[in-house]
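Welcome, and please load the model in your viewer. We will go from stop to stop, with a selection to make at each one.

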Amino acid sequence: KMFRLIYSELSYIIRNLSTLKVELLAYALCKVSSETLQHLTMVDIRDIIKSCDNTHIREDFQDNAIKSLSLECIVCGDTFPRSRMESMFLCDHICCLSCTKQYYRITIKEITDRQALNRLTCVLEAHPLAEDNTKFFFQFLGTKLNQWFTDERLILDAYHENLFLATRDSQIKKCGNQRCVGFFDINHNNRIVLAQCPHCRFDQCQQCCRKWFPEHTGLTCEQYADWLRENDPDDPEVQLTKYLNTAGMICPNEQCKAIYEYQAGGCEHFTCRECHTEFCRICSALFHNPKNKSTHDIDVAEELAQKPVATGLVCPVEDCKNAPSIACENRFCEPCYKQFLCLFIWRNEIEPWELYEDNNLIQKLTSASIAVPANTTRADLIKLAQQHLTQFLGIPKRIPRVRQ
């Protein structure tokens, strides 16, 4: 069916072709991949027809047609017809049009010096540009880029600008102000001094073209770059980091990241006003609030309210002589309240382990004298914690019995 359909179409659009060639070409198209057929054009069909003479038509035509339609891209490994492939200027490598364009989109932006120009010669390996082929190569590449990026003017502009920067005289520098397109001469010296752009009056180092601060004096350009990353007074990210390190705190919820000003005094149990995440404002660790309903829709406070309140100064749990705690409305002492919560977790099969990071689980297990094997997975850590729950929470193994 496929052959008959293709043969019918070819007979209609190529009427002056011999019946035998039409049949062989139809057979060849049946043998190539469906992806290749998606990219097939009349240009490919005409090239196949012209490439074969009538003397060896039966022996060579079909094989040559399949080869011409199934060229493999050296980058993605897919097969394409010849019209969708691009040849490199200084080597025999071929690459599909999509991979070629993506390679040059990235590489053009990374041209910083004359040596980097060699990466433009091939998508697979860089070839040195000799004096005798440089002119012809850039003529060829310029024509190709204009074809590939007709609708992407920014790529073409970046290519011409970076090409100029890579081939210019070493004493000519581009202004470090991102909003300026000007260049300036550094007066043929290699000193680290203040230079001012003649176009926008931007103060910068004449060597690295970074924004100038007096701290650059006595520092190499690399050392100055490190200093700027941590101290640039005009960089909002640097100032935010300084603020957070001194007077700020940030919500640990990755989906929120709200920022608050830290003020001394008060409870360290902080609730984010944006996402209601509860965390310690000192160490940013998450709090588990038993008054909140869990994902199982179970109310801890309601369960607690069913327990009797201490009538005296002793915990209402039988055989317990500790004082009741206001943390649980005087219904338990602190150790018995932990036991109550532990049993509540067991009975309702609540999994609180997602509240802990892996390193926190390991730390708590180790503190409870529970051996943690090397290279333990998160699932194994949770299993260990479940098996040694009372040790993990640091409570005695006594089951609370409340006085009736």
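How many aromatic pairs does the structure hold? There are eleven in this predicted model.

**Stop one: aromatic rings**

Start by selecting Phe-137 and Phe-138, one of those pairs. Their rings meet edge-to-face, with 5.2 Å from centre to centre and 70° between the planes. Switch on a surface if you like: Phe-137 and Phe-138 are both buried.

Next, select Tyr-103, Tyr-104, Trp-148 and Phe-149 together. Ring pairs join these four residues into a cluster.

**Stop two: the second largest pocket**

Now turn to the second largest pocket, which holds about 520 Å³ of space. Two elements each give two or more residues to its lining: helix H8 (153-167) and strand S5 (172-174). Of the elements, H8 gives the most, with three residues.

To centre your view, select Leu-165, Lys-174, Cys-175, Gly-176 and Cys-209, which lie nearest the middle of this pocket among its 19 lining residues. Colour the lining by class and you will find seven nonpolar, six polar and six charged residues.

**Stop three: His-216**

Finally, select His-216, in the loop that runs between strand S8 (203-205) and helix H9 (221-231). Is His-216 buried or exposed? His-216 is buried, because its relative accessible area is 0%, and the cut-off for buried is under 20%.

Show its surroundings as sticks: beyond the neighbours within four places in sequence, His-216 is in contact with Ile-192, Cys-205, Cys-208, Cys-221 and Tyr-224.

Key: Residues are numbered from 1 along each chain as its sequence is written. This is a predicted model: local features need pLDDT of at least 70, side-chain atom pairs count only at pLDDT 80 or more; totals for chains, interfaces and linings use all residues. Side-chain values use heavy atoms; hydrogens and water are left out. Helices (H or I, at least four residues) and strands (E, at least two) are DSSP runs, numbered from the N terminus. Buried means under 20% relative accessible area, exposed over 50%, partly exposed in between (1.4 Å probe, protein chains only). Contact means heavy atoms within 4.5 Å. On a 1 Å grid over the protein atoms alone, a cavity is a set of points where a 1.4 Å probe fits but cannot get out, and a pocket is an open set with protein on both sides within 12 Å along at least five of seven lines; lining residues have an atom within 4 Å of a point. Grid points are joined across faces, edges and corners, and a volume is the space filled by probe spheres set on the points. Ala, Val, Leu, Ile, Met, Phe, Trp, Tyr, Cys and Pro count as nonpolar, Asp, Glu, Lys and Arg as charged, and the others, Gly among them, as polar. Rings of Phe, Tyr and Trp (its six-membered ring) pair if their centres lie within 6.5 Å; planes under 30 degrees apart count as stacked, over 60 as edge-to-face and the rest as tilted.
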